[in-house]
Amino acid sequence: MADRSYSKKEKLKSRKRLGELFATGRSFSIFPVKVFFTATEMQEKGSVQAGVGVSARNFKKAVDRNRIKRLLRECYRLNKTALTEAAAAKHKALGVFFLYVGKDLPEYPALTEKMIAALNRLTDELNR
RNA sequence: CCCACAACCCGAGCUAUCGCUCCCCGUUUCGGCGGGGGGAGGAAAGUCCGGACAGCGCAGAGCAACCCACCGGUUAAGCGCCGGCCUCUCAACGCAGCAAUGCGGGCGGAGAGAGAAAGUGCCACAGAAAAUAACUACUUCUCCCCACAGUAGUGUGGGGAGAAGAAAAGGUGAAAAUGUGAGGUAAAAGCUCACAGUAAAGGCUGGUAACAGCCGUUACGGGUAAACCUUGGGUGCUGUAAUGCCAUGUAUAGGACCGCCUGAGGGCUGCUCGCCCGAGGUCCAGGGUAGGCAGCAUGAUCCUGGCAGUAAUGCCCGGGCCAGAUAAAUGAUAGUUUAGAAACAGAAUCCGGCUUACGAGGUUGUGUUUUUU
């Protein structure tokens with residue numbers, strides 16, 4: 001049974017962690033989503049914390065930004081299983097941030113496709 | 001009946017699957033799990049006004065800056081709202097007229113509603129001239145020329161030049177020196193008079209007041225203050241990333257400069273004066289923290305009803321508790337119904353307003369056009 005929840009514990013919080021992520025993390029881009037991530041070794045079982053964001057420069061209205069963030073969260077929530085399992089197997093603490101860099105409002109099916117691609121690549125990076 | 005506009009109401013429902021956040025109850029091996037419940041707006045928006053709340057300041061004076069500008073009420077407060085006054089504009093309608101139109105009228109609309117008689121500036125185009133007005137035409141005087149009359153001084157008429165008078169005529173303009181009539185004069189002119197108009201201060205009457213009406217007096221000097229300005233009244237600054245507290249952690253290490261009463265530096269809103277505090281201060285390099293609680297949601301609160309008031313609004317009885325996150329929840333997908341792929345749009349300390357954006361429909365009101373009877 002796949003875990004599809006996305007509760008507070010799985011969210012990447014705190015400005016400090018985000019600052020570190022943008023400053024030192026690695027990144028790749030699968031348009032229209034840019035992914036930042038860091039992986040650190042853990043003694044215990046691994047974990048994943050993820051966050052999403054949109055630039056207010058590209059979307060002036062708060063309603064549009066909310067919509068994009070909700071879609072990103074939804075896509076991540078429904079497709080994250082492989083990634084969490086990989087992280088647990090490798091004993092790594094993974095921090096990920098999905099930044100939407102497109103300039104148009106996304107459609108749900110297209111965004112799901114991109115998200116799956118991004119998650120697959122993340123999983124590959126972990127397993128390497 | 002259709003269309004447009006204004007005000008008020010509403011701002012989607014259902015089903016399935018997968019999710020988020022807060023509260024309560026139960027349970028727990030303290031990781032969770034189960035059940036129940038709450039979960040964006042009329043504008044949450046713009047941040048344009050006004051407050052609450054908080055911190056800092058609270059010897060004083062001057063200047064600067066900013067805001068307000070008919071009256072009364074309302075309110076916690078207001079540049080809001082309600083009612084009234086004034087000015088401008090104006091529908092129906094009435095009167096006159098063949099008509100164009102004029103006069104009255106006043107539903108409704110607008111007003112950045114103190115002062116243009118303190119001063120400075122500006123007033124496109126047109127026009128002579130846009131403010132202590134002389135272009136044409138007019139009048140008087142002086143000089144010159146011509147014609148006529150006369151012996152002559154001179155007189156009459158015409159033309160030219162100069163000086164002066166004069167805003168009555170012309171035509172321009174959004175606006176032209178208050179209008180009409182009479183007197184007056186060389187020609188004229190509020191120069192004088194009558195009537196009318198406007199303004200100022202005064203008196204009486206009505207009104208809480210703005211103001212209105214009447215009386216006599218004086219003046220008549222265009223507009224613009226959304227140009228500077230003047231007058232009157234008012235204003236501490238910063239905003240919840242405010243602010244108070246708890247916890248965690250490092251380095252009591254290093255370097256440079258200034259100063260310790262002959263005083264560095266700081267505070268007193270933007271400036272100046274003046275006053276006060278004052279033994280540490282500034283910078284570089286390096287190290288650490290960046291977690292939690294309060295603020296924070298029972299309030300100028302919402303709903304029903306009653307009473308007072310023209311109304312805005314206030315008071316009273318009863319009932320309700322209605323988001324509280326912190327990278328930031330309230331959703332995603334599919335189907336379906338209304339009505340067609342619901343429009344504008346997402347709380348971040350909280351209220352009262354204003355402004356702007358917007359959807360289908362309902363109710364009420366107003367207006368235009370056409371057709372039919």
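Of the 128 residues in chain A, 37% are buried, where buried means under 20% relative accessible area, exposed means over 50%, and partly exposed is what falls in between (1.4 Å probe, protein chains only). This is a predicted model, so local features need pLDDT of at least 70 and side-chain atom pairs count only at pLDDT 80 or more, while totals for chains, interfaces and linings use all residues. Residues are numbered from 1 along each chain as its sequence is written, chains are lettered from A and ligands numbered from 1 in the order in which they are written, and side-chain values use heavy atoms, with hydrogens and water left out. The accessible surface of chain A adds up to about 7900 Å², and carbon and sulfur atoms own 50% of that; the areas come from the Shrake-Rupley method with a 1.4 Å probe, and for residues only the protein chains shown count as cover.

Now for the layout. Chain A has four helices and four strands, and from the N terminus they come in the order α-β-β-β-α-α-β-α. Both kinds of element are DSSP runs numbered from the N terminus: H or I over at least four residues for helices, E over at least two for strands. If you take the contacts in chain A with a separation of 6 or more, 81% are between residues 24 or more positions apart, a contact being heavy atoms within 4.5 Å.

Strand 4 is a good place to go inside, with eight of its nine residues buried. Strand 4 runs parallel to strand 3, and eight bridges join the two; for strands to pair, DSSP has to find at least two bridges between them. Across this pairing, G53 sits opposite L99 of strand 4.

Next, look at the largest nonpolar core, which has 29 residues; V35, L72, Y76, V96, F98, Y100 and L122 touch the most other members. Such a core is a set of buried Ala, Val, Leu, Ile, Met, Phe, Trp, Tyr and Cys residues joined through side-chain atoms within 4.5 Å. Helix 4 gives the largest share, six residues. Leaving aside residues up to four places away in sequence, L72 touches V33, V52, G53, F98, Y100, L111 and M115.

Y100 turns up again among the aromatic pairs, of which the whole structure has three. Rings of Phe, Tyr and Trp (its six-membered ring) pair if their centres lie within 6.5 Å; planes under 30 degrees apart are stacked, over 60 edge-to-face, and the rest tilted. F28 and F37 make an edge-to-face pair, 6.0 Å centre to centre with 65° between the planes, and both F28 and F37 are buried. F59 and Y100 are tilted instead, at 6.1 Å and 50°. That pair links distant parts of the chain, with F59 in the loop between strand 3 and helix 2 and Y100 in strand 4, 41 residues apart. F59 and Y100 are both buried as well.

Finally, the charges. Side chains of opposite charge can pair when their charged atoms come close. There are two salt bridges here, each meaning a Lys or Arg side-chain nitrogen within 4 Å of a carboxyl oxygen of Asp or Glu. R77 bridges to E74, with the closest N and O atoms 2.4 Å apart. R77 and E74 are three residues apart in helix 2 (residues 62-79), about one turn of the helix. R77 is partly exposed at 22% relative accessibility, and E74 is partly exposed at 30%. The other bridge joins R121 and E125 at 3.9 Å, N to O; R121 and E125 sit four residues apart in helix 4 (residues 108-127). Here R121 is partly exposed at 37%, whereas E125 counts as buried because its relative accessibility is 16%.
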